[in-house]
Amino acid sequence: MKSKYILLVIPVLVSLLIGSCRKDSESSLFDVNPDDIPYNEQKVFSDSIQTMEFVTSIYRNLSYNYFLDNAEHTGGGYWSFADITDDAENRWSGNAQIAPMFNLNTFPSESGWSRFNNAWTMGYRNIRWCNIFLKNSERVPISGPVKSRLVGEVKFLRAYYYLHLFRLYSGIPLVGDSVYTLSDPIKATRATFEETVNYLSDELDAAAGALPLKHQASDFGRPTKGAALALKSKLLLYAASQLFNGYNIATDPSVAPLVGYTDSNPERWKKAADAAKAVMDLGQYTLLQGNPAITAQHGLYLATTQRVNDELIFSILPTSGRFTENRLLPPSRGGQYYSFPSHGLVDAFNMSNGKPIADPQSGYSEANPFINRDPRFYITILYQGALWLNTNLTTSSAINFAVNSTTGDVFGTSTRTGFLFRKLCNEGATGGGGLSTNAGLIVSRYAEILLNYAEALNEFQGPGPEVYQAVEAIRQRAGLNPYTLPASLSKDQMRDIIRNERRVELALEEAHRFFDIKRWKIAEEVNKGPLVGRRYATPAATGERVTAETRVFIAPKMYNFPIPLTEVNKAGGTILQNPGW
């Protein structure tokens, strides 16, 4: 999914973040000299075609927010956020690699986070591009309705870039609509956590008001009213959660307002529930139904492999190709095996009767662990003996991850956990050929909204009928039999069920598990100690649980990325660092 860029060589945030001059001969509309920016702005925004290309360039960078390294969408790697959670392990094990740096705490200080700094620099670069468009939008020679829609789109994009920064760093510098020049004397400061939430909530409301319910087919992939409201749902659920709403990790009173609320207010859960309900009430989205007995016809499979469907609310679209198949499937299927699911994720899938595998009545057998599981398991996990299309594209055969495998899919190399992901992969494709749906990177879909609603409402008032209905709709579509939950669950019991449903339903999508672990403040429980896999001595062996990696989590500092040290230093003391860094 190689992106093409239009590069403006301009200060990114303030005088803190200065781009370096580069010409992209493939896609640049113009060469930019920092002293000649007004001329180039006049040139671009007096031409409708160049204006649309400028806005498209902002879209092209959306996938920077999707991957951990914030640069890997250009074709090289696949640094999923799942790889720094209890859900997965990455293929690279060296201590200098980005996922192990986080998992093993091998960086000596915030300066060791240089691989993560793209999140900050790319975020503010794109926010600046959004502001340049908004500054010049009135002069663009296009019709009023189209101009209004473009303003809504760019406000959505700006909020999306801000939201990612917010989830990583908490309170961040907010530049509003300002477009600073090299000569502007700026002292940047971080907005408080609450100020950031309120600003983004208002911005997303404004975007929603300017965006249509649906686009014409030719404009598919642009945000809609529902996309803006879904992003607001994500924002307010995050902000209402345990880490921020009643628990603040900062001991310094000057830093505390930057990393969370300084009080506890259950009404924040009500606002999060209302935000999710606003998406539901649009009547535009539904859970795709299918045949849960057949993986390739299951509603979840269709929702996550089709480019266009009625469950998708917003996704980041690739230009073409089999992006996930190439990066997730094993070498025997032409893949690059970047991410390895953990046994913990495998164990999170209930049995088909809806009971957890730890329940003595579930029917689970450690000797035959992959029989009669939740149908979503077979959509998500590529396990020993699972079938997948061969590279001849005409037959399928069993995956063999055994130590003595002769297929090239050997335990310890192509998987260190004994599993690979099949989620998001097309059943009719390999890493190098076959069908291609050109499916996007999912940002929001309706299942997430239902789970957002259920969680927020349960936290606000307990597990009433609406909570049951939302959770059971997910379980019914999954194909659990029975899908209904026991009556009279407590708030704590329903919380545990909702959290597990989020884990299995949304596995590998966006960065759900990473930010769920963070906002629930459970990282010190789940992100340290052994990450377990399953080793097979031979293809016929039962398999044994083994430790793939022993994780280290240093709380509370690891709950926030450190502000890049270069930015803290350049700000001259006006940007306060996150706790522990």
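Salt bridges to start. A search of the whole structure, which is a predicted model, finds 44 of them.

Take three. In one, the side chains of Arg 60 and Glu 53 meet at 2.7 Å, N to O. Arg 60 is partly exposed, at 23% relative accessible area. Glu 53 is also partly exposed, at 21%.

Next, Glu 153 and Arg 149. Their side chains form a salt bridge at 2.8 Å, N to O. These two sit four residues apart in helix α5, residues 144-169, so about one helical turn separates them. Both are buried.

Now Lys 423 and Glu 509, bridged at 3.0 Å, N to O. Lys 423 is in the loop between β7 and β8, and Glu 509 is in the loop between α16 and α17, so the pair ties together parts 86 residues apart in sequence. Lys 423 is buried, with a relative accessible area of 0%. Glu 509 counts as buried too, at 2%. Both belong to a network of salt bridges that also includes Glu 311, Asp 374 and Arg 445.

On to helix α14, residues 446-461. How far apart are its end C-alpha atoms? They are 22 Å apart, which agrees with the span expected for 16 residues at 1.5 Å a residue. Of those 16 residues, 14 are buried, so the rest of the structure largely encloses α14. Just after the helix, Gly 462 takes a positive phi of about 90°.

Last, cavities. There are eight of 30 Å³ or more. The largest has a volume of about 150 Å³. Its lining has 17 residues, with Phe 323, Thr 324, Glu 325, Leu 424 and Ala 439 nearest the centre. Helix α11 gives the most to that lining, three residues. By class, the lining has seven nonpolar, eight polar and two charged residues.

Definitions and conventions
Residues are numbered from 1 along each chain as its sequence is written. This is a predicted model: local features need pLDDT of at least 70, side-chain atom pairs count only at pLDDT 80 or more; totals for chains, interfaces and linings use all residues. Side-chain values use heavy atoms; hydrogens and water are left out. The expected span of a helix is 1.5 Å times one less than its number of residues. Buried means under 20% relative accessible area, exposed over 50%, partly exposed in between (1.4 Å probe, protein chains only). On a 1 Å grid over the protein atoms alone, a cavity is a set of points where a 1.4 Å probe fits but cannot get out, and a pocket is an open set with protein on both sides within 12 Å along at least five of seven lines; lining residues have an atom within 4 Å of a point. Grid points are joined across faces, edges and corners, and a volume is the space filled by probe spheres set on the points. Ala, Val, Leu, Ile, Met, Phe, Trp, Tyr, Cys and Pro count as nonpolar, Asp, Glu, Lys and Arg as charged, and the others, Gly among them, as polar. A salt bridge is a side-chain nitrogen of Lys or Arg within 4 Å of a carboxyl oxygen of Asp or Glu.
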